[in-house]
Amino acid sequence: MVGCVVLVWLTDLKIGHYGGGMRTALIILAGFVVWGACLGIAKISAGVSASSMNLATGIFVVVWFVVAGVNMWMGVTKAGYSVREELPIFLVIFLLPAIVAVVVKWKFL
């Protein structure tokens, strides 16, 4: 949910003022914040167990896929980009936080 709020806030920013790259970086940063929130909620609610961390990572990946998809949809419908132009940005925005979350969970948690 935090990611959705941050995404809505970021889409209200004037892209020309901050630049597309800065906006993308901020959305990716928001992904890491959402991932941390998912892990924190899992830790508080169920303690640090493998199953709670697996669930938190899985929920994060699904939620972040939706958030990245909404970002892509807004780029196509509101900003006038084509799907072909937005697809690489979608992949970066989704995959960077998702891959880091899965690898960290797999290696350390």
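Ile 99 lies in helix H5 of this predicted model, and at 48% relative accessibility Ile 99 counts as partly exposed, because a residue must be over 50% to be called exposed. Ile 99 also belongs to a nonpolar surface patch of about 570 Å², which is made by Leu 87, Leu 91, Leu 95, Ile 99, Val 103 and Trp 106. Helix H5 itself covers residues 83–108 and has the highest mean pLDDT among the elements of the protein, at 95.

The confidence is not even along the chain. The protein averages a pLDDT of 85, and 80% of the residues score at least 70, whereas helix H2 (residues 15–18) has the lowest mean pLDDT among the elements, at 46. Over residues 13–18 the pLDDT is below 50, and beyond near neighbours in sequence this stretch has three contacts in the model. Where pLDDT is low, the predicted coordinates should not be read in detail.

The secondary structure comes to five helices and zero strands, so that, read from the N terminus on, the elements run α-α-α-α-α. Among contacts between residues at least 6 apart in sequence, 64% join residues at least 24 apart.

Which residues have the most contacts inside the largest nonpolar core? They are Phe 60, Trp 64, Ile 93 and Phe 94, in a core of 20 residues. The elements that give two or more residues to this core are H3, H4 and H5, and the largest share, eight residues, comes from H3. In soluble globular proteins, nonpolar side chains tend to be buried together.

Three residues, each from one of these helices, can be set side by side.

| Residue | Helix | Relative accessible area | State |
|---|---|---|---|
| Thr 24 | H3 (residues 20–46) | 15% | buried |
| Trp 64 | H4 (residues 50–77) | 1% | buried |
| Ile 99 | H5 | 48% | partly exposed |

Trp 64, one of the residues with the most contacts inside the core, is buried because its relative accessible area of 1% falls under the 20% limit. Trp 64 and Ala 30 are 34 residues apart in sequence, and in space they are 9.7 Å apart, C-alpha to C-alpha. Thr 24 is likewise buried, since 15% is also under 20%, and, leaving aside its neighbours within four places in sequence, Thr 24 is in contact with Ile 89 and Ile 93.

For the protein as a whole, buried residues make up 32% of the 109 residues, while the accessible surface comes to about 6,700 Å², of which 76% belongs to carbon and sulfur atoms.

Methods: Residues numbered from 1 in each chain as written. Heavy atoms only, no water. pLDDT = per-residue confidence, 0-100. Helix = DSSP H or I, 4+ residues; strand = E, 2+ residues; numbered from the N terminus. Contact = heavy atoms within 4.5 Å. Buried < 20%, exposed > 50% of the residue type's maximum accessible area, 1.4 Å probe, protein only. Patch = residues over 30% accessible without salt bridge, like charges linked within 9 Å, V, L, I, M, F, W, Y side chains within 5 Å. Areas by Shrake-Rupley, 256 points an atom, 1.4 Å probe, with all protein chains shown as cover. Salt bridge = Lys/Arg side-chain N within 4 Å of Asp/Glu carboxyl O. Core = buried A, V, L, I, M, F, W, Y, C linked by side-chain atoms within 4.5 Å.
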